[in-house]
Amino acid sequence: MKKLINDPDSVVAEALRGMALAHPELRVDHENRIVFRGDAPVRGKVGLVSGGGSGHEPMHGGFVGPGMLDAACAGEVFTSPVPDQMVAATQGVDGGAGVLHIVKNYTGDVMNFEMAAELVETEVATVVVDDDVAVQDSLYTAGRRGVGTTVLLEKIVGAAAEQGRPLAEVADLARKVNDRGRSMGMALTSCTVPAAGQPTFDLPEDEMEIGIGIHGEPGRRRVPLAPAREIAEMLVEPVLSDLDFTSAPVICFVNGMGASPLLELYLMYGEVAALLEKAGVRVARSLVGPYITSLDMAGCSVTLLRADDDLLALWDAPVRTPGLRWGA
Amino acid sequence: MTSLDSLVSWLRAFAASVEEQKDALTALDSAIGDADHGANMARGMAAVVAALDAQSFDSVGALFKKVGMTLVSTVGGASGPLYGTLFLRFGTSAGEVSELDPQALAKALRAGLEGVVARGRPEAGDKTMFDALSPALDALDAALSSGASLADALTAASRAADAGRDATVPMLARKGRASYLGERSVGHQDPGATSTALLVAAAARTLA
């Protein structure tokens with residue numbers, strides 16, 4: 001294992017220390033491992049709290065700031081944060097208008113956020129993001145995983161909260177975004193969890209995994225390595241066959257898993273855009289880059305969101321965070 | 001009767017087993033999960049041992065409330081809420097007493113299992129810790145009601161937990177991250193059932 005670390009056990013704490021120094025506009029609670037907006041709690045605004053295992057940066061801590069999240073709880077690498085953290089985050093962003101928990105659908109995240117919501121007196125609403133079409137048979141699994149749509153949801157819902165919309169409306173909007181977002185991912189290589197010290201799975205030089213999640217869990221199937229054009233088809237086809245994207249403006253998000261260079265991600269975007277055009281899908285906005293990563297995994301995911309005028313206006317609204325920043 | 005001291009020994013023995021098997025648990029989790037079960041459980045049980053070193057407890061209820069809350073606060077993932085709830089419900093069932101007779105011990109363990117079911121909603125055959133714990137408690141109850149000594153009953157429970165753990169190998173996972181693998185989860189031993197078998201084995205060594 002070759003990594004820019006001092007000690008595998010202190011990676012998360014040391015990264016948060018660096019993040020606090022690089023972004024003095026944020027407030028980092030090192031004891032509870034929470035990144036807060038510098039001005040939290042914002043009086044009268046619905047507070048947005050998310051969180052999850054570390055290793056997906058910039059998600060979630062990099063999405064804290066005006067126009068997006070109010071707080072993000074950082075767990076150990078690929079491990080859900082604990083209820084104490086979510087309780088402290090919820091209390092720290094409670095500006096009197098209630099708090100929305102944005103939870104990716106993983107067993108641990110859901111259970112820990114559930115325990116936290118039971119422990120606080122603040123009014124809490126919860127949205128569970130489950131957009132991964134690679135998980136097909138929902139009745140016999142823990143349900144679809146929360147992946148790329150989470151990024152788009154945090155941006156859009158963050159803008160709505162910033163406008164002063166009430167909790168019930170913000171929570172409904174979050175569910176609407178989740179209902180209209182679909183993702184599919186693939187890996188060229190495994191990732192290496194610092195505490196494990198070796199790749200989570202072996203992937204031969206001439207093979208790739210289709211339908212991976214964001215924790216180094218193996219995918220649905222392993223296939224021979226193929227050109228980008230064919231990989232784009234393997235990702236776009238299941239997304240388009242899961243939901244109709246032809247009759248609305250679409251936000252198209254090509255995400256890097258951590259180790260794939262932007263050069264390749266733009267190449268992939270070109271292939272994805274060509275397939276969407278052929279399928280009659282109108283792309284209104286795009287996002288390309290590593291935003292929901294899986295440590296040092298090489299690969300990408302494609303997320304499509306069926307938008308409307310309200311969602312596009314919220315997408316375009318100003319945002320000022322370490323990970324996403326425009327108009328502000 | 002099982003004393004507070006024996007219960008503390010049980011927890012320390014479980015912590016030692018988890019520490020010793022840390023890498024093996026993580027290796028099992030690499031195959032069908034996210035490669036952190038050993039590290040997470042070892043961190044949580046080390047925090048439990050630190051709490052046992054730092055203070056003494058005057059009731060079984062207080063001891064297991066502390067253990068449960070410590071695990072919930074330090075383990076993370078699904079194992080934190082599941083093991084945490086197991087010990088919290090164990091403590092609530094045992095109550096403000098300083099020792100447990102075999103029936104009270106079995107009842108507290110059963111309450112712990114019910115807590116796991118309430119939190120994670122597992123069913124038999126889902127390839128989870130339930131598949132080790134549930135047969136273990138059935139064996140414990142059966143042995144006690146047929147008049148076996150606590151030592152023999154716990155030995156039977158440990159044997160059933162090990163068998164339950166082994167039986168997870170051919171199962172298709174239906175809960176947690178392993179469920180995302182579908183058919184590819186078949187042929188691997190469940191890490192949660194494995195750590196649960198360690199918990200029951202530690203009980204058989206220390207509580208009789």
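This is a walk through a predicted model, starting with chain A, moving on to chain B and ending where the two chains touch.

Let's begin with the overall plan of chain A. It is divided into domain 1, residues 11–180, and domain 2, residues 181–314. If you take the centre of each domain over its C-alpha atoms, the two centres are 22 Å apart. The domains also touch: 26 residues of domain 1 of chain A are in contact with 31 residues of domain 2 of chain A. On the domain 1 side, the elements that give two or more residues are α4 and α5 of chain A. Which of them gives the most? That is α4(A), with eight residues. Sorted by class, the domain 1 side has 15 nonpolar, six polar and five charged residues.

Now look for a small piece of chain A, the strand β1, which covers residues 26–29. One face of this strand is covered and holds A:Leu26 and A:Val28, while A:Arg27 and A:Asp29 are on the uncovered face. Why do neighbours in the sequence end up on opposite faces? In a regular strand the side chains alternate between the two faces of the sheet. The partner of β1(A) is strand β2, residues 34–37 of chain A, and the two pair in the antiparallel sense over four bridges. In one of these bridges, A:Asp29 is matched with A:Ile34 of β2(A). Together the two strands form a hairpin with four residues between them, and there A:Arg33 takes a positive phi near 55°.

Next, follow chain A to helix α8, residues 309–316, where the buried residues are A:Leu311, A:Leu314 and A:Trp315. Seen down the axis of α8(A), these buried residues fall within an arc of 105°, so they line one face of the helix. What covers them? The cover includes the helices α4 (149–162) and α5 (167–180) together with the strands β10 (250–256) and β11 (283–289), which belong to chain A as well.

Time to turn to chain B, which has nine helices and two strands. Reading from the N terminus, its elements run β-α-α-α-α-α-β-α-α-α-α. Its C-alpha trace spans about 45 × 40 × 30 Å along the principal axes. A compact globule of 208 residues would have a radius of gyration near 17 Å, and the 16 Å of chain B agrees with that. Buried residues make up 59% of the chain. Among contacts in chain B with a separation of 6 or more, 66% come from residues 24 or more positions apart.

One residue helps to picture this. B:Ala201 sits in helix α9, residues 191–206 of chain B. Is B:Ala201 buried or exposed? It counts as buried because it has 22 C-beta neighbours inside 10 Å, and the cut-off for buried is 20 or more. B:Ala201 and B:Leu7 are 194 residues apart in sequence, yet 13 Å apart in space from C-alpha to C-alpha.

Finally, let's see where the chains touch. Here 26 residues of chain B are in contact with 30 residues of chain A. On the chain B side, the elements that give two or more residues are α2 (22–32), α3 (37–54), α4 (60–74) and α5 (79–94). The most comes from α4(B), with three residues. By class, this side of chain B divides into seven nonpolar, twelve polar and seven charged residues.

Terms used:
Residues numbered from 1 in each chain as written. Chains lettered and ligands numbered in written order. Predicted model: local features only at pLDDT ≥ 70, side-chain atom pairs only at ≥ 80, totals over all residues. Buried ≥ 20, exposed ≤ 12 C-beta atoms within 10 Å, placed from the backbone. Arc of directions from axis to C-beta. Contact = placed C-beta atoms within 7 Å. Rg over C-alpha atoms; globule rule 2.2 N^0.38 Å. Domains from an automatic or database assignment. Nonpolar A, V, L, I, M, F, W, Y, C, P; charged D, E, K, R; others polar. Pairing = 2+ DSSP bridges.
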